[in-house]
Amino acid sequence: MVRLALRTGLRWKLSAAIALVGALVAIALSLVVHNAARGSMLDNSRDVQTERLNFTQKIYESTHQLRFGAKLDDPALPKELRDEVTKGKRATYLEDTGQTTPKVWAAAPVAGGRVLSIQGYFPDRFAVLDDLDQALLIGSTAVVVGGCALGVLIGGRLSQRLRKAAAAAGKLADGDTSVRIRDEVGGRIRDETDDLAWAVDAMSDALQKRIEAERRVTADIAHELRTPVTGLLTAAELLPPGRPSELVRDRAQAMRTLVEDVLEVARLDGYAERAELQDVPLGEFVTRRVRALNADIKVEILRDAEVSTDPRRLERILGNLIANAARHGKPPIEVTVEGRVVRVRDHGTGFPEALLREGPSRFRTGSSDRAGRGHGLGLTIAAGQARVLGARLTFRNADELTDGSTGAVSVLWLPENAPTNTGSFPVIQLPDR
């Protein structure tokens with residue numbers, strides 16, 4: 001069962017809440033005012049009808065004439081009113097159906113045990129009640145509309161501050177450590193948004209200090225290991241020929257490569273690397289570099305383009321992607337150039353879900369991990385070098401083939417503009433493929 005999540009902005013939620021409260025208050029007040037006004041008009045109508053009855057009774061008792069539509073022993077007289085009059089009381093009665101103007105009765109006992117009664121309507125009085133209802137409706141509508149406008153205004157201000165905070169947090173997540181959320185949302189208003197901004201900035205500063213400390217320790221360790229590893233490699237070259245000497249030289253070289261990779265990762269993590277740009281014909285460049293690495297790799301130029309990039313870093317990215325495909329995938333390996341996009345594909349089992357979900361991670365080991373069965377720095381370095389070039393490096397798996405394999409696809413998206421001084425990249429629209 002698929003559940004659809006409806007996402008609405010804070011301003012509209014706040015506006016709806018204020019409008020709902022305003023509507024409830026307006027309806028309650030309108031009902032109270034309407035009922036109070038109606039009750040007052042009904043009481044006033046009884047009083048007027050009682051005065052008419054008194055005047056009519058005086059005329060009847062003195063002249064025996066009926067005025068103002070008065071009747072004796074009216075057969076239409078309501079039973080409740082007749083019962084009260086037979087007790088010798090003067091009384092009034094309302095016939096109110098709720099659909100039309102109420103009929104007001106007034107009756108009194110006269111000589112001979114007879115009942116003098118008068119009835120009538122007061123449409124002019126209740127027309128005023130209709131005007132009052134219309135005025136209450138207009139007022140209630142104005143309150144609801146005003147509440148909506150006020151909610152949009154207040155919610156818009158708060159939503160704008162939160163959007164600024166979210167945008168600043170996004171820049172911070174992309175590596176721009178100079179961003180401070182409290183500066184982005186600053187203003188005359190001080191509320192919980194500022195508290196949140198200060199808390200996130202404090203967390204960012206603490207996290208940045210810890211990351212910097214870890215990076216420095218990693219770089220220092222790798223730097224300190226470089227000299228003894230170089231000496232170990234030199235000493236291994238002096239060993240007499242033989243299988244044990246080859247194993248020692250091989251392990252010493254692997255250790256030296258690891259140390260150099262760790263140093264490179266530390267430099268990339270420090271955002272201190274800068275690209276040395278040159279105009280490069282991408283198709284020719286990729287073809288020559290791939291041929292130098294492995295002549296059996298198929299290179300296809302769908303559309304050539306000239307790019308402004310750092311050839312050394314671009315070669316490093318290509319080398320790491322091809323090495324990863326050769327080590328963890330299956331042949332054939334294909335390299336495709338389409339404009340500013342370079343794709344490297346193998347025909348193996350594809351990238352693991354963890355890499356597709358989280359991206360390459362250093363020192364992630366495991367036989368199913370294409371990022372590097374051992375230390376996993378190849379794709380990490382490629383992603384870091386891509387960032388220095390202002391490019392995007394993405395990973396996905398190809399559609400399943402007839403043999404059941406999927407194949408891993410690494411895609412390098414080179415930007416149209418040169419990378420910025422901070423090594424960040426401009427926004428690149430990725431087409432759906």
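These legends walk through several close-up views of a predicted model.

**Figure 1. The whole chain at a glance, with 10 helices and 11 strands.** The protein has 433 residues, and 37% of them count as buried. It exposes about 25900 Å², of which carbon and sulfur atoms supply 56%. If you look at contacts between residues at least 6 apart in sequence, 63% of them join residues at least 24 apart.

**Figure 2. Two helical spans that carry a UniProt annotation.** The unreviewed UniProt entry lists residues 12–33 and 135–154 under "transmembrane region". In this model, residues 12–33 are 100% helix and 0% strand, with 31 Å between the end C-alpha atoms. Residues 135–154 are likewise 100% helix and 0% strand; here the end C-alpha atoms are 28 Å apart.

**Figure 3. A four-stranded antiparallel sheet.** Reading across this open sheet, you meet the strands in the order β1-β4-β3-β2. The edges are held by β1 (71–72) and β2, each with a single partner strand, so one side of each has no neighbour in the sheet. At the β1 edge, two bridges join β1 to β4, and Lys71 stands opposite Ser117 of β4. At the other edge, β2 (residues 91–95) pairs with β3 over five bridges in the antiparallel sense, with Thr92 opposite Ala106 of β3. Helix α2 (residues 79–86) lies across β2, β3 and β4, and runs at about 25° to β3.

**Figure 4. Strand β3 and its hairpin with β4.** How many of the eight residues of β3 are buried? Seven are, so far as β3 (residues 103–110) is concerned, leaving the strand mostly covered. Seven bridges join β3 to the antiparallel strand β4 (residues 114–120), and Ala107 stands opposite Ser117 of β4. Three residues lie between the two strands of the hairpin. One to look for in the turn is Gly112, with a positive phi of about 85°. Ala106 and Ala108 also belong to a separate core of nine residues, which includes Ala70 and Ile118 too.

**Figure 5. A five-stranded sheet with mixed pairing.** The strands of this open sheet follow the order β6-β8-β9-β11-β10. At its edges stand β6 (298–303) and β10 (392–397); each has a single partner strand, so one side of each is left without a neighbour in the sheet. From one strand to the next, the twist averages 15°. Six bridges pair β10 with β11 (residues 408–413) in the antiparallel sense, and Leu393 stands opposite Leu412 of β11. Helix α8 (residues 311–328) lies across β8 (334–338), β9 (341–345), β10 and β11. The angle between α8 and β9 is about 25°.

**Figure 6. The largest nonpolar core, with 31 residues.** Which residues have the most contacts inside this core? They are Leu282, Val286, Leu321, Val335, Val342 and Leu412. At least two core residues come from each of α7 (282–293), α8, β8, β9, α10, β10 and β11. Helix α8 gives the most, with six residues. Nonpolar side chains tend to be buried together in soluble globular proteins.

**Figure 7. The surroundings of Val335.** Leaving aside neighbours within four places in sequence, Val335 is in contact with residues that include Val286, Val290, Ile297 and Val299. Ile322, Val342 and Val344 are also among its contacts. Not every partner is nonpolar: Lys298, Glu300 and Arg343 touch Val335 as well.

**Figure 8. Phe285, a buried residue of helix α7.** With a relative accessible area of 2%, Phe285 is buried, because the cut-off is under 20%. Beyond neighbours within four places in sequence, Phe285 is in contact with Val280, Pro311, Leu314, Glu315 and Leu318. Phe285 and Glu315 are 30 residues apart in sequence, while their C-alpha atoms are 8.8 Å apart in space.

**Figure 9. Helix α10, a mostly covered helix.** Nine of the 11 residues of α10 (residues 378–388) are buried. The buried residues include Leu379, Ile381, Ala382, Ala386 and Val388. Thr380, Gly384, Gln385 and Arg387 are buried too. After the helix comes Gly390, whose phi is positive, near 75°.

Terms used: Residues are numbered from 1 along each chain as its sequence is written. This is a predicted model: local features need pLDDT of at least 70, side-chain atom pairs count only at pLDDT 80 or more; totals for chains, interfaces and linings use all residues. Side-chain values use heavy atoms; hydrogens and water are left out. UniProt positions are given in the numbering used here, feature names are shortened, and annotations may be inferred rather than shown by experiment. Two strands pair if DSSP finds at least two bridges between them. Axes are lines fitted to C-alpha atoms, for helices over the stretch in contact, and angles run from 0 to 180 degrees between N-to-C directions. Contact means heavy atoms within 4.5 Å. Buried means under 20% relative accessible area, exposed over 50%, partly exposed in between (1.4 Å probe, protein chains only). A nonpolar core is a set of buried Ala, Val, Leu, Ile, Met, Phe, Trp, Tyr and Cys residues joined through side-chain atoms within 4.5 Å. Accessible areas come from the Shrake-Rupley method with a 1.4 Å probe; for residues, only the protein chains shown count as cover.
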